[in-house]
Amino acid sequence: MDLGIRGKRALVCASSKGLGLGCAEALAEAGVDLVMNARGAEVLEAEATRLRSTYGVAVQAVACDVTTPEGQAEVINAAQSVDILVTNAGGPPPGMWSDWERDDFIKALDANMLTPIAFMKALLPGMMDKGWGRVVNITSQSVRAPIAVLGLSNAARTGLTGYVAGTSRQVAANGVAINNLLPGIHATDRADALDGGVSAQKGISIDEARAERAATIPARRYGTRAEFGAACAFLCSQHAGFIVGQNILLDGGGTNLTM
């Protein structure tokens, strides 16, 4: 399917690896020029170079910490006039309700709620002026069904979800579609870290921990960054303009819901 977005320009956050890289690669394959962001300059530039050479698109790499005002300003300056925004950030550390103090919540909110909001506030006006735009926020299955040990993520990402619910309906008439993608367990560094936690807690090997968690997914496997990226690219396409304010699960059936 021709996604109809060749020649458009996108900012993809946290895109040097994992789900963010999957989204960047799928958009590059569709002919979209990219602004890629991550903290680690070396890995980010290597992936930017690979996407340039593989897909023949323009790629600008901006290495910085977007949870800081300076980092946000640097990325926003590079991303002026983008047509597509994909927000993404690694999740906060797991733990129990009694573990977290105010500073822990502030860090989670900065990364997983306030930074995506800052990017939307900065870049939506340009999309609205052009009468076309797409925003995809990578959140988590936990906004539909909370995961006890991920309470920081549950709280921050659900806050972002509430913001998007209202904002998406205010900008839709200007041709801008904002939606959220809710990943379940995917084969990423984040999954490796959580598998390691299960391994340590239960005294089992990493492979056993991974198999145990995969068994909880009806698809009986972890998702891949490529299939996640393909879903993101579709939501960014010309075909997705009537999808507004939705929270779309990509979890292999792992979230046990009727609707």
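Strand 2 (residues 33–38) and strand 3 run parallel and are joined by five bridges. One residue to pick out here is Ala38, whose bridge partner in strand 3 is Ala63. Bear in mind as you look around that this is a predicted model.

Now zoom out from that pair to the whole sheet. Strands of a sheet pair through backbone hydrogen bonds, either parallel or antiparallel. Here the pairing is parallel, in an open sheet of seven strands with the order 3-2-1-4-5-6-7. Strand 3 (59–63) and strand 7 (247–250) stand at the edges; each has a single partner strand, so one side of each is left without a neighbour in the sheet. Going from one strand to the next, the twist averages 15 degrees.

What lies across strand 5, strand 6 and strand 7? Helix 5, made of residues 151–171, lies across these three strands. Strand 5 covers residues 133–138 and strand 6 covers 176–183, and the helix runs at about 155 degrees to strand 6.

From here, let us turn to a single acidic side chain, Asp195, which lies in helix 6 (residues 189–202). Is Asp195 buried or exposed? Asp195 has a relative accessible area of 0%, and because buried means under 20%, this residue counts as buried. Its side chain has polar partners, though: a polar contact of 2.7 Å joins it to the side chain of Arg213, and another, of 2.8 Å, joins it to the side chain of Tyr222. Once neighbours within four places in sequence are left aside, the residues in contact with Asp195 are Ile206, Ala209, Arg210, Arg213 and Tyr222. Arg213 and Tyr222 therefore appear both in this contact list and as side-chain polar partners of Asp195.

Next come the aromatic rings. How many aromatic pairs does the structure hold? There is one. Trp100 and Phe105 form the pair: their ring centres are 6.2 Å apart and their planes stand at 80 degrees, so the arrangement is edge-to-face. The cut-off behind that label is an angle over 60 degrees between the planes. The two residues also have their own accessibility values. Trp100 counts as buried because its relative accessibility is 13%, whereas Phe105, with a relative accessible area of 32%, is partly exposed.

One more ring is worth a visit, this time for a charge. The charged end of Lys8 sits over the ring of Trp132, at 4.2 Å from the ring centre.

Key:
Residues numbered from 1 in each chain as written. Predicted model: local features only at pLDDT ≥ 70, side-chain atom pairs only at ≥ 80, totals over all residues. Heavy atoms only, no water. Helix = DSSP H or I, 4+ residues; strand = E, 2+ residues; numbered from the N terminus. Buried < 20%, exposed > 50% of the residue type's maximum accessible area, 1.4 Å probe, protein only. Polar contact = N/O pair within 3.5 Å; in protein donor to acceptor, adjacent residues only side chain to side chain. Contact = heavy atoms within 4.5 Å. Phe/Tyr/Trp six-rings, centres within 6.5 Å; stacked < 30°, edge-to-face > 60°. Lys NZ or Arg CZ within 6 Å of the ring centre and 35° of its normal. Pairing = 2+ DSSP bridges. Axes fitted to C-alpha atoms, helices over the stretch in contact; angles between N-to-C directions.
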